[in-house]
Amino acid sequence: APFSNSVVMANDLFRQGVAAVLQEWEALDIAIKNGFGGSFGVEKARWMEAATVQYFQENDNLEDDEVEDFLATVVNQEFDTIVDDGSLPSVAKKLCWMYAHCINGQEDEVRDFVSKSKPCSMASAVVQKQASPQPEGDSEEAMEPEGQDEEKEEEDGWEKVTYKKRR
């Protein structure tokens, strides 16, 4: 049987909600900004949005910790990053809350959340990437600024996190 219009609309709203949650997730934003996903970090983040939606659609009654494990695995595999800032539980909880509201017909609360969400800068990362591509020959080692502290707070409140290449 084909999906009803309300199911299609709920799925579309859930997609928007997943995008909003992942776009405001600072740990993912930092991984993208610092090139942890390679030159296709933004594309990987977009794929992660679709994979997260699919994960919910293919699994019934997901618990927060299952979603947390899924997100941790994807970020680790795709961005070579282990998220240890304590944000995973809240991101997973938001996604589970949103999915439950979408499938239970409580779309207004999800729409409200989506409209009030404030993306970090995945969208600006796309513009920056297109406007200033890295010259060929630059290696990952070149991404580590020399002579700077490992963490430095920028003027706009963002914390710059650098990393050392693994051996």
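**Salt bridges and a one-sided helix**

In this predicted model, Arg46 pairs with Glu49 in a salt bridge whose closest N and O atoms are 3.1 Å apart. Both residues belong to helix α3, which covers residues 41-58, and they are 3 residues apart, about one turn of the helix. Side chains of opposite charge can pair when their charged atoms come close. The two partners are unequal in their exposure. Arg46 has a relative accessibility of 32% and therefore counts as partly exposed, whereas Glu49, at 12%, counts as buried because buried residues are those under 20%.

In total, 5 salt bridges are counted in the model. Two further examples are found in helix α6. The side chains of Asp108 and Arg111 meet at an N to O distance of 3.2 Å. These residues are 3 residues apart in α6, which spans residues 107-116, and so are separated by about one helical turn. Asp108 has a relative accessibility of 61% and is therefore classed as exposed, while Arg111 is partly exposed, with a relative accessible area of 39%.

The other example joins Lys116 to Asp112, with the closest N and O atoms 3.3 Å apart. Here the partners are 4 residues apart in α6, so that about one helical turn again separates Lys116 from Asp112. An α-helix has 3.6 residues a turn, so residues three or four places apart point the same way. Lys116 is exposed, its relative accessible area being 55%, and Asp112 is partly exposed at 37% relative accessibility.

Helix α4 was examined for its length and for the placement of its buried residues. The helix comprises 16 residues, from 64 to 79, and at 1.5 Å a residue it should span 22 Å; the end C-alpha atoms are 22 Å apart, so the expected span and the model agree. Within α4, the residues Val67, Phe70, Leu71, Val74, Val75 and Phe79 are buried. Viewed down the axis of α4, the buried residues fall within an arc of 125° and therefore line one face of the helix. Asp69 and Gln77, by contrast, lie on the other side of α4 and are exposed. After the helix comes Asp80, which has a positive phi, near 50°.

Note on methods:
Residues are numbered from 1 along each chain as its sequence is written. This is a predicted model: local features need pLDDT of at least 70, side-chain atom pairs count only at pLDDT 80 or more; totals for chains, interfaces and linings use all residues. Side-chain values use heavy atoms; hydrogens and water are left out. Helices (H or I, at least four residues) and strands (E, at least two) are DSSP runs, numbered from the N terminus. The expected span of a helix is 1.5 Å times one less than its number of residues. Buried means under 20% relative accessible area, exposed over 50%, partly exposed in between (1.4 Å probe, protein chains only). The arc is that of the directions from the helix axis to the C-beta atoms. A salt bridge is a side-chain nitrogen of Lys or Arg within 4 Å of a carboxyl oxygen of Asp or Glu.
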